[in-house]
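I am opening a fresh notebook page for this one. Come along and look over my shoulder as I go from helix to helix.

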Amino acid sequence: MIILLMSLLIGVVAGLRTFTAPTAVSWAAHTGWLSLDDSPLAFLGFAWTPWILTPLALVELVIDQLPSAPSRKAPGGFGVRIVSGALSGAAVGWLIVGGIAGIVGAVIGTLSGYAARAKLAAALRNDMPAAFIEDAVAILAAIVIVLAIQ
């Protein structure tokens, strides 16, 4: 049951920040904290995978701060978050069930993250601090989840 919860939660992270979840999972697999050796997701632990995902996650953090950033609820962005949640959830948990939990988490993270950030931005009268707080929540949650599954 804990594994499914972790799959759901890493999916929530994917809903908040698309590349943060697979980056954290990739680093966990690469460093040996998460064993994916005999799975179809073994590529997440390859030597080059975290080094490709990390710059993508960092670029996403920067782009998200821009006023021209597309809505996470737009079909393209939402779809990529769902794929990211499925991939990350499957890696953390059992392949199929973990993937489904990751999808559910990504939907929760996308919609609740949007609502929470909008409320926080309204309270702060500025979106940028709200975005930074959301970034911090996503990064810290990913780290805690990865540490919890080792």
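**Entry 1: a crossing of two helices.** I needed one term before I started: a crossing is right-handed if the near helix is turned clockwise from the far one by less than a right angle, and left-handed if anticlockwise. I also noted that the model is a predicted one. With that in hand, I looked up H5 and H6, and H5 passes H6 in a right-handed crossing. Helix H5 covers residues 95-124, and its axis lies 8 Å from that of H6, at an angle of about 140 degrees. That angle makes H5 oblique to H6, because roughly antiparallel is kept for angles over 145 degrees. I then listed who makes the contact: Gly113, Arg117, Leu120, Ala121 and Leu124 from H5 meet Asp127, Pro129, Ala130, Ala131, Ile133 and Glu134 from H6.

**Entry 2: helix H2.** Next I turned to H2, residues 20-31, and checked its length. Its twelve residues should span 16 Å at 1.5 Å a residue, and I found the end C-alpha atoms 17 Å apart, which agrees. Is H2 largely enclosed by the rest of the structure or not? It is, because nine of its twelve residues are buried. I wrote them down as Thr20, Ala21, Pro22, Thr23, Ala24, Val25, Ser26, Ala28 and Ala29. These buried residues pack against four helices: H1 (2-16), H3 (49-64), H4 (75-92) and H6 (127-149). Just after H2 comes Gly32, and its phi is positive, near 90 degrees.

**Entry 3: H2 beside H3.** I picked one of those neighbours for a better look. A reminder to myself: two packed helices are described by the angle between their axes and the distance between the axes. For H2 and H3 I have an angle of about 155 degrees and axes 9 Å apart. H2 is therefore roughly antiparallel to H3. H2 passes H3 in a left-handed crossing. On the H2 side the contact uses Thr20, Pro22, Thr23, Ser26, Trp27 and His30, and on the H3 side Thr49, Pro50, Trp51, Leu53, Thr54, Ala57 and Glu60.

**Entry 4: the rings.** How many aromatic pairs are there? I count two aromatic pairs, taking ring centres within 6.5 Å. One of them is Trp27 with Trp51: their ring centres are 4.9 Å apart and their planes stand at 80 degrees, so I call the pair edge-to-face. Trp27 belongs to H2 and Trp51 to H3, so this pair ties together parts that are 24 residues apart in sequence. I checked how open each one is. Trp27 is partly exposed, at a relative accessible area of 26%, while Trp51 is exposed, at 58%.

**Entry 5: Thr20.** I finished with one residue of H2, namely Thr20. Is Thr20 buried or exposed? It is buried, with a relative accessible area of 9%, and the cut-off for buried is under 20%. Leaving out residues up to four places away in sequence, Thr20 touches Val13, Ala57, Glu60, Ala138, Ile139 and Ala142. I also looked up Leu56, which is 36 residues from Thr20 in sequence and 8.7 Å from it in space, C-alpha to C-alpha.

Terms used: Residues numbered from 1 in each chain as written. Predicted model: local features only at pLDDT ≥ 70, side-chain atom pairs only at ≥ 80, totals over all residues. Heavy atoms only, no water. Helix = DSSP H or I, 4+ residues; strand = E, 2+ residues; numbered from the N terminus. Expected span 1.5 Å × (residues − 1). Buried < 20%, exposed > 50% of the residue type's maximum accessible area, 1.4 Å probe, protein only. Contact = heavy atoms within 4.5 Å. Phe/Tyr/Trp six-rings, centres within 6.5 Å; stacked < 30°, edge-to-face > 60°. Axes fitted to C-alpha atoms, helices over the stretch in contact; angles between N-to-C directions. Parallel < 35°, antiparallel > 145°, perpendicular 65-115°, else oblique.
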